[in-house]
Amino acid sequence: MTIPMLELRHIRKNFGALNVTDDVSLTIPRHELHAMIGPNGAGKTTLIHQISGLLSSNSGTLLLNGEDITALDLPQRARKGIVRSFQITSILPHFSTLENVALAVQARSGSSFRFFGRADREAVLNDAALAALTEVGLRDRANLRAGLLSHGEKRQLELAIALAAQPSVLLLDEPLAGTGPEESAVLTDLLRRLKGRLTIVLIEHDMEAVFSLADRISVLVYGKIIATDTPQAIRDNPEVRTAYLGEETA
Amino acid sequence: MIMRREILPLSIFLAFAVLPLLGDFGSDAFILSIVTRVMIFAIAAVSLDLILGYGALVSFGHAAFLGIGAYAVGILSAHGIREAAIQIPAALIVSALFALLTGAISLRTKGIYFIMITLAFGQMAYFFAVSLAAYGGDDGMTLPGRSLFFGYDIVQSERAFYFLVFACLIAVYVACRMIVTSRFGRVIRGARENPQRMEAIGFSLFAYQLTIYVIAGTLCGLAGFLLANQTQFVSPAYMTWQRSGELIVMVLLGGLGSLNGAILGAAAFLLLEEGLSHFTEYWKLYFGPFLVLVVLFARGGLMGGFKRLTGTDDGR
């Protein structure tokens, strides 16, 4: 049996009496694109926070490639290869687009306790950053201040940052949120190209994108996973239809 | 070709370099001693700018390091050790240790709590100095003279001391410039803008912030060593919370996160204080509103104004 890339065992999170994540167990094999859907308030983002280490879990175990990483915090997990994007765009607005990405390269390339030599002139960092920017189609924006990018470009930048951090697991929290149809098409194409190269956990409300991209889909309702299956099987699942999809198709 | 953004620091240092050559200030070294004081506080302000401007960590206890550096000179001198080769390492090491200890605790808090806890540590240092009865207590102590360098009394003259301080300022400035543009400095600047983003790509910020805190404290300890030598007097007054506040004002006045600004801010603060106090003993009555106006209207302090004038505003 091969070791799954990511395994959640009985993960819980409660805020007071509210169970936001209620005994979630999930196994995600290497290089799967796993989508997480569910109505608003189902606890999708909370679960991503718990996997990334931004929020600690009340109980449960998290395994990355067989290694127990439950006790690690956000930066430690990032160094282990779990890299995330945020629902609300999170970049360094006063840094150039290139430097935003170069920092992510820097995090994975040698020590950052170096006090001499200009970081923005390190070819090793800049070359890798440019490669990531090229990948997401932002190469010609490299020297622009990141705060001046359009919303869609900022989402592309966030993906470039995540890619430059060399993730083994990429957690994407609504990467298409707030983008127009054209921007959304660019990003969906990008995700399609990443598919199969990385293990990806994707939260997204754009059902068209989710069903065309995902290898498997989990449906989260009130903090519980009610079904995990292939897109076709999820579409046909009566329980899912009533709990979630039904609301949209009815 | 000299980059446009290098013009300002070069002008500042050129001005400091030629001032003693302009005239023979003779025995009345008043101007020389004021500018020396400006440069000493510029070192302290530059060091504070590392954490306040680049790290967005509002430390309200930075004057403690001035005091520690000064007391290293005072206490060692009281025991007959006037050798700078011993005093300077002592000042730097004790400052670094104090920064390491207090920083490790303070940096576990954020925002207003960080301000309060650094203030508390600053006050602890102050009252500790007050309680040092053997070393003058509340009144402080007069030094037997300036420090010796390898046994030689070479900074006894105001002019020689001026150049010593000038050399220290250049060294500190150059070191800080390197630090803020290095890999390490980029992590610190990134954490100022968006700490969560930095953690999400794998930087455990505590270690970086503690390091910059220790560097800043150590450099300010050097300023303390120089301050004690200039005045040949050491007292707890060097580390009052008002003095910490003045250092913050210097950095704000000059413009946060631009080392040039910290030097300009220190100069503007001390020269205004000196100038206004000649006209009236109520000089603070005029100085206060002036500061309010700068904060309200000159966004980015003196450096902000300078950048807007020269068109080198890169928005940082």
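Two residues are in contact if their C-beta atoms, placed from the backbone, lie within 7 Å. The views below show a predicted model, in which local features need pLDDT of at least 70 and side-chain atom pairs count only at pLDDT 80 or more, while totals for chains, interfaces and linings use all residues. Residues are numbered from 1 along each chain as its sequence is written, and chains are lettered from A and ligands numbered from 1 in the order in which they are written.

**View 1. Chain B as a whole, with its 13 helices and 2 strands.** Helices (H or I, at least four residues) and strands (E, at least two) are DSSP runs, numbered from the N terminus. Among the contacts in chain B with a separation of 6 or more, 78% are between residues 24 or more positions apart. Taken along the principal axes, the C-alpha atoms of chain B fill a box of roughly 55 × 45 × 45 Å. The radius of gyration of chain B, taken over C-alpha atoms, is 19 Å, which agrees with the value near 20 Å that a compact globule of 316 residues would have by the rule of 2.2 Å times the number of residues to the power 0.38. Of these 316 residues, 48% count as buried, that is, have 20 or more other C-beta atoms within 10 Å of their own (exposed means 12 or fewer, and partly exposed in between).

**View 2. The largest nonpolar core around B:A42 and B:I43.** A nonpolar core is a set of buried Ala, Val, Leu, Ile, Met, Phe, Trp, Tyr and Cys residues joined through C-beta atoms within 7 Å. This core holds 170 residues, of which B:A42 and B:I43 touch the most other members. Helix α2 of chain B, spanning residues 30–54, gives the most to this core, with 15 residues. When residues up to four places away in sequence are left out, B:I43 touches B:C168, B:L169, B:V172, B:L219, B:L222 and B:A223.

**View 3. Helix α13 of chain B (residues 301–310) and its cover.** The buried residues in this helix are B:G301, B:L302, B:M303, B:F306 and B:K307. What covers the buried residues of α13(B) includes α1 (7–22), α10 (241–254), α11 (259–279) and α12 (283–297) of chain B.

**View 4. The side of chain B that touches chain A.** Here 21 residues of chain B are in contact with 29 residues of chain A. Two or more residues of this side come from each of α6 (158–181), α7 (183–193) and α8 (195–200) of chain B, and α7(B) gives the most, with 6 residues. By residue class, this side of chain B divides into 7 nonpolar, 8 polar and 6 charged residues, where Asp, Glu, Lys and Arg count as charged, Ala, Val, Leu, Ile, Met, Phe, Trp, Tyr, Cys and Pro as nonpolar, and the others, Gly among them, as polar.

**View 5. The open sheet β2-β1-β4-β5 of chain A and the helix across it.** The 4 strands of this sheet are antiparallel in their pairing, two strands being paired if DSSP finds at least two bridges between them. The edge strands, each of which pairs on one side only, are β2 and β5 (67–68) of chain A. Strand β1 (residues 6–15) and strand β4 (residues 59–64) of chain A are joined by 5 bridges in the antiparallel sense, with A:T61 in β4(A) as the bridge partner of A:R9. Helix α1 (residues 44–52) of chain A lies across β1, β2 and β4 of chain A and runs at about 60° to β2(A); axes are lines fitted to C-alpha atoms, for helices over the stretch in contact, and angles run from 0 to 180 degrees between N-to-C directions.

**View 6. The open sheet β6-β7-β8-β3-β9-β10 of chain A.** The pairing of these 6 strands is mixed, the edge strands, which pair on one side only, are β6 (82–84) and β10 of chain A, and the twist averages 20° from one strand to the next. Strands β9 (residues 216–221) and β10 (residues 224–229) of chain A run antiparallel and are joined by 5 bridges, among them the one that makes A:I225 in β10(A) the partner of A:L220. These two strands form a hairpin with 2 residues between them, and A:Y222 in the turn has a positive phi of about 50°.

**View 7. Two loop residues with positive phi, A:H31 and B:A56.** A:H31, a residue other than glycine with phi near 65°, is found in the loop between β2 (18–28) and β3 (33–37) of chain A. A:H31 is partly exposed because 14 other C-beta atoms lie within 10 Å. B:A56 has a positive phi of about 55° although it is not a glycine, and lies in the loop between α2 and α3 (63–78) of chain B. B:A56 has 16 C-beta neighbours inside 10 Å and therefore counts as partly exposed.
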